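Grab the structure and work through these exercises with it open. Each one has a task, then a solution in steps.

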Amino acid sequence: MQGTAKSTTGRVSLVGAGPGDPELLTLKALRRLQDAEVILHDRLVSAEILALAATDAERRYVGKARSRHSVPQDGINQALVDWANAGKRVVRLKGGDPFIFGRGGEELEALVAAGIEVEVIPGITAASGCAAYAGIPLTHRDHAQSVRLITGHLKNGSCDLDWAALASPGQTLVFYMGLQGLDEIRRQLMQYGLSADTRLALIEQGTTARQRVHCGTLARMPDSLERDCIRPPTLIIVGGVVGLHERLGWFSPEHALAVGWETGQGQRDG
């Protein structure tokens, strides 16, 4: 009697790699990396994190930078479906958290629609990881009672953000992918009433050996912005909590476990 054929469909894990430091991976993320047969990874996943994966896993780079996508998003979605249908244990490894400006929701939709077994493993997003390593609490009873995570990638030069709400006092604003739109962000916030003296920080390559924190105000940018070449990924934090950096900054980049990124023209959370 002929037996029933077993299903060969694999599974996909959408995994958040965190902001760079390999020790910020969750235990579950590490287990999936060490069990993976195929890994599709973003640009902002540190080499130190990739080194933790199974040595025989097939690694595919599908990273994105501003106006430069190695593989279109539809192609990534289809690749995840195809590898799973081939019976593979697939890890989609994304910088930061998959669901915060990382298109993880789009990938999850595609996998569910295709009937693929899938799980989501959250990661530490850049806002919390980089702010913590800069000694900037995102909320603080004396400075901010709420925090907003905002994409600063102003498509086609336009911006349709609710600037009036963003300019409200008593909150912390965190802009992802905002380095190229920094002047517009500053101008809009001041135009809608946020004080020109409001503190601002640029956290460059946070949680890695290349971390640098550049502090200024909405009106007066950090001197280092003109003096140095600030490279993505750079997170922008606006609010009174930035003033705590000078006292609370604790992280020594020279002791970091991840080197960082040499170049880049844009940044994402994942």
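## Exercise 1: Helix H7

Task: Which residue follows H7 with a positive phi, and which H7 residues are buried?

Solution. This is a predicted model, so keep that in mind throughout. Start just past the helix: Gly-193 follows H7 and has a positive phi, near 110°. Next, go back into the helix, where the buried residues are Leu-182, Ile-185, Arg-186, Gln-188 and Leu-189. To make sense of that spacing, remember that an α-helix has 3.6 residues a turn, so residues three or four places apart point the same way.

## Exercise 2: The largest nonpolar core

Task: Which elements each supply at least two residues of the largest nonpolar core, and which gives the largest share?

Solution. Step one is to find the members that touch the most others: out of 18 residues, these are Leu-173, Phe-175, Leu-189, Leu-200, Leu-202, Ile-236 and Val-238. Step two is to map the core onto elements: H6 (163-166), E9 (171-176), H7 (182-191), E10 (199-204) and E12 (234-238) each supply at least two residues. H7 gives the largest share, with three residues.

Step three is to zoom in on Leu-173. Leaving out residues up to four places away in sequence, Leu-173 touches Arg-148, Ile-150, Leu-166, Leu-189, Ile-236, Ile-237 and Val-238. Watch out for Ile-237, though: that residue belongs to a second, separate core of 17 residues, which also includes Cys-130, Leu-138 and Val-241. As background, nonpolar side chains in soluble globular proteins tend to be buried together.

## Exercise 3: Strand E1 and its partners

Task: Which strands does E1 pair with, and how many bridges join E1 to each?

Solution. Take E6 (residues 89-94) to begin with: six bridges join E6 to E1, and the two run parallel. Within that pairing, Gly-16 has Lys-94 as its bridge partner. Now turn to E7 (residues 117-121), which also runs parallel to E1 and is joined to it by five bridges. There, Ser-13 stands opposite Glu-119. Finally, check how covered E1 (residues 11-16) is: five of its six residues are buried.

## Exercise 4: Aromatic pairs

Task: Is the Tyr-133 and Phe-251 pair stacked, edge-to-face or tilted?

Solution. The structure has five aromatic pairs. For this one, the ring centres are 4.7 Å apart and the planes meet at 55°, so the pair is tilted. In sequence the partners are 118 residues apart, with Tyr-133 in H5 (residues 126-133) and Phe-251 in the segment after H9 (245-248). Tyr-133 counts as buried because its relative accessibility is 12%, and Phe-251 is buried too, at 16%.

Compare Trp-163 and Phe-175: that pair is stacked, at 6.5 Å centre to centre with 25° between the planes. Trp-163 sits in H6 and Phe-175 in E9, twelve residues apart. Trp-163 is buried at 3% relative accessible area, and Phe-175 is buried at 0%. To finish, go back to Tyr-133 and Phe-251: ring pairs link them with Trp-250 into a cluster.

## Exercise 5: Two cysteines

Task: How many disulfides are there, and are Cys-130 and Cys-215 buried or partly exposed?

Solution. Look for cysteine sulfur atoms within 2.5 Å of each other; the count comes to zero disulfides. Then check the accessibility: Cys-130 counts as buried because its value is 6%, while Cys-215 is partly exposed at 26%.

Technical notes:
Residues numbered from 1 in each chain as written. Predicted model: local features only at pLDDT ≥ 70, side-chain atom pairs only at ≥ 80, totals over all residues. Heavy atoms only, no water. Buried < 20%, exposed > 50% of the residue type's maximum accessible area, 1.4 Å probe, protein only. Core = buried A, V, L, I, M, F, W, Y, C linked by side-chain atoms within 4.5 Å. Helix = DSSP H or I, 4+ residues; strand = E, 2+ residues; numbered from the N terminus. Contact = heavy atoms within 4.5 Å. Pairing = 2+ DSSP bridges. Phe/Tyr/Trp six-rings, centres within 6.5 Å; stacked < 30°, edge-to-face > 60°.
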